[in-house]
Amino acid sequence: MKTAVEELSPTRVKLTVEVPFDELRPSMDAAYKKVAQQVRVPGFRPGKVPARIIEQRFGRAVVLEETLNDAVPKLYGQAVDEVDVFPVSQPDIEVTKIEDGEQIEFTAEVDIRPNFDVPDYQGIEVSVESAEVSDADIDTQLDALRQRFATLTGVERPAATGDFVVMDLRAEIDGKNIEEQQASEVSYEVGAGSVLQGLDDALEGMSASEEKSFRTELVGGENAGEEADVIINVKSVKEKVLPELDDEFAQLASEFDTLEELKDSIREGARRNKLIEQVVEAREKALDTLLDQIEIPIPDSALKAELDARTHNLEHQIAESGLSREAFFRLNQTTEEERLSEFETSSAKAIKVGFVLDKIVKSEELGVSEQELTNFVVRRAMDMGVQPNQLAQHLADNDQLTLAMVEIVRDKAKSVIGDAAKIVDSEGNEVDLKAIYTEISGEEVVEGDAEESAEEPAEQKNDA
C-alpha cells in the first residue's frame with residue numbers, strides 16, 4: 001500500500017491511497033462468504049455456493065462492492081497510521097480507481113489536528129492562593145455546620161427574609177384554576193430566590209393564616225410562559241435557630257468531645273483542602289500560561305462537534321428541570337445568549353487543551369495502568385451514585401473505556417506541566433507540589449478533588 005498526503009489547509013488533508021489487489025484477498029474471501037450466505041442457487045446449500053457460480057449468476061461487481069465495503073475502512077486506518085496524521089472527524093472517502101486484479105485507489109479527505117510545537121514548560125511561573133488557614137475560614141465552616149443542625153421554631157409574627165414558611169400555592173389564569181399549578185404544605189425559605197418571580201416579595205410580611213395573590217409568569221407545565229395570578233396561603237411561619245457554639249454542639253455534630261477539638265479538626269481539614277486547591281490551581285494556571293504561547297488553528301468540524309455536544313447537554317438540562325427556558329436561565333443567573341457565547345469560547349479552548357495535552361502524553365510516553373483505570377471508575381461511580389462494577393460494564397458496553405483512558409492520561413499530562421512549574425503563593429512563598437503530595441499522604445490529586453474536599457472534615461453523627 002502506498003499513501004500520499006496533500007495538505008488542503010492547516011487543519012485538513014487529502015490522503016490518496018493505492019492498494020495492490022493482493023492486499024484485498026482477506027476482504028475478498030470474506031465477501032464471497034457473505035454473498036454466498038445471502039443468495040439462493042438451486043443445487044447448493046446456503047453458504048456453499050462456489051465463487052465462480054456467484055460471479056456467473058450475480059456478477060463480479062457484487063463481490064467487489066462487498067470487498068471494498070469491508071477493506072477500505074481498514075485500509076484508511078492503516079494509511080492514517082502510516083503517514084502519522086491525527087484525524088478529528090469522520091473522513092470523506094471516495095474510491096477513484098478500480099483495476100480488477102491489479103490495484104484500487106481511493107481518496108480520503110479528513111480534518112486533522114494541526115501541526116504545532118509545544119514550548120518548553122519547565123519553570124513556567126505561576127502564582128496561587130496561599131494555603132494559610134485563617135480564623136475566618138474556621139468560622140465559615142463552623143457556621144455551615146451550625147446551619148446543618150439548626151432547628152425551626154414557630155413564631156407569631158410576619159415572615160422576614162431567612163424565615164421558613166409552610167404554604168399552599170395555586171395559580172389561576174383569567175379566574176380559572178390551573179390544576180397542575182397547585183401545591184400543598186410547601187416549605188420555603190423566604191428570600192431564597194424562587195424561580196417564581198415575585199414570590200419572595202409577596203411572602204415578606206405575611207403571617208400565618210394570611211392569603212395573598214400576586215401576578216407572575218408561570219415557569220413550568222403546559223402554561224409555562226403565561227401570565228397568571230398566584231394565590232399564597234401561609235399556614236405557619238418559623239425562624240431558624242442555630243445551636244450555641246460549645247462543647248455540647250461539638251458532641252452533637254461530630255466525633256469530638258470539645259469545641260476546641262472540633263476546631264482543630266476543621267483547621268486540619270481546611271489546610272488539606274487549601275493544599276489540594278493549590279495543586280489544582282497550579283496545574284490550571286501552568287496549562288493556561290502554556291496555551292497562551294501556542295497558536296493552534298481549530299478544525300471547523302471539531303469545533304462544531306464540541307458546540308453541538310454542549311448545546312445538546314444544555315437542552316437536556318432544560319428539559320429535565322421542568323422549567324421554561326426563561327426560568328431556567330434566570331435560576332442560573334445568566335441568559336441564553338450569554339451561555340451560548342460562553343460555549344463558543346470554552347469549546348475552542350477545550351479542543352486546544354486536548355491537542356496540547358495529547359502531544360505531551362505522546363512526548364512523555366504516558367500510559368494508563370489497570371489500577372489507574374480502576375481508581376478512575378471507582379471515583380466516577382461515587383460521583384454518579386452508582387456501583388463501580390455497574391459503571392465499568394456500561395463503559396465497556398458502550399466502547400467508552402478508551403475515552404476514560406484518554407481522560408486519565410490527559411490529567412497526567414496536566415500534572416506533568418504543573419510539576420514542572422515554578423510556583424509561588426500570594427504571600428510570595430515558594431510552593432513545592434511534591435511536598436504537598438507528601439503532606440496529603442501522597443494521594444493522587446485529580447480534577448474535582450478541590451470541590452469534593454470542601455465537605456466538613458469531622459465525621460458527622462447526625463444529619464440536620
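**Group meeting: a sheet, a pocket and three residues**

Let's start in a loop. Glutamate 365 lies in the loop between α10 and α11, the latter being residues 370–384. Its backbone is worth a look. Phi of glutamate 365 is positive, about 55°, although the residue is not a glycine. Most residues other than glycine have a negative phi. Is glutamate 365 buried or exposed? With a relative accessible area of 71%, glutamate 365 is exposed, because the cut-off for exposed is over 50%.

Keep in mind that this is a predicted model.

There is another positive phi to show you. Aspartate 174 is not a glycine either, and its phi is near 55°. Where is aspartate 174? Look in the loop between β7, residues 164–173, and β8, residues 176–189. Aspartate 174 counts as exposed too, at 75% relative accessibility.

Now step back to the whole chain. We have 15 helices and twelve strands. The protein chain runs to 464 residues, and 37% of them count as buried. Next, the contacts. Take those in the chain with a separation of 6 or more: 70% of them come from residues 24 or more positions apart.

On to the sheet. Three strands make an open sheet, in the order β5-β11-β12, with mixed pairing. Which strands stand at the edges? They are β5, residues 125–128, and β12, residues 430–431. Each has a single partner strand, so one side of each is left without a neighbour in the sheet.

Take the pairings in turn. β5 and β11 run parallel, over four bridges. Here valine 128 stands opposite aspartate 425 in β11. Then β11, residues 422–425, pairs with β12 in the antiparallel sense, over two bridges. In that pairing, isoleucine 423 faces valine 431 of β12.

What packs on this sheet? Helix α7, residues 259–291, does, and it touches β5, β11 and β12. The direction of α7 makes about 145° with that of β5.

Stay on β5 for a moment. Which residues make up its covered face? Val126 and Val128 do. Glu125 and Ser127 form the uncovered face.

Next, a pocket. The second largest one has a volume of about 480 Å³. It is lined by 20 residues, and the closest to its centre are Asp84, Val85, Phe86, Arg113 and Asn115. Which elements supply at least two lining residues each? They are β1 (2–9), α3 (60–83) and α10 (336–363). Helix α10 gives the most to this lining, with four residues. We met α10 at the start, on one side of the glutamate 365 loop. As for chemistry, the lining of the second largest pocket divides into eleven nonpolar residues, two polar and seven charged.

Last stop: glutamate 227. It sits in strand β10, residues 227–241. Glutamate 227 is partly exposed, at 41% relative accessible area, because partly exposed covers values between the 20% and 50% cut-offs. What does glutamate 227 touch, leaving aside neighbours within four places in sequence? Its contacts are Ile173, Arg215, Thr216 and Glu217. Arginine 215 deserves a closer word. Glutamate 227 and arginine 215 are twelve residues apart in sequence, and their C-alpha atoms are 6.9 Å apart in space. As for Ile173, that number falls in β7 (164–173), the strand on one side of the aspartate 174 loop.

That's the tour.

Technical notes. Residues are numbered from 1 along each chain as its sequence is written. This is a predicted model: local features need pLDDT of at least 70, side-chain atom pairs count only at pLDDT 80 or more; totals for chains, interfaces and linings use all residues. Side-chain values use heavy atoms; hydrogens and water are left out. Buried means under 20% relative accessible area, exposed over 50%, partly exposed in between (1.4 Å probe, protein chains only). Contact means heavy atoms within 4.5 Å. On a 1 Å grid over the protein atoms alone, a cavity is a set of points where a 1.4 Å probe fits but cannot get out, and a pocket is an open set with protein on both sides within 12 Å along at least five of seven lines; lining residues have an atom within 4 Å of a point. Grid points are joined across faces, edges and corners, and a volume is the space filled by probe spheres set on the points. Ala, Val, Leu, Ile, Met, Phe, Trp, Tyr, Cys and Pro count as nonpolar, Asp, Glu, Lys and Arg as charged, and the others, Gly among them, as polar. Two strands pair if DSSP finds at least two bridges between them. Axes are lines fitted to C-alpha atoms, for helices over the stretch in contact, and angles run from 0 to 180 degrees between N-to-C directions.
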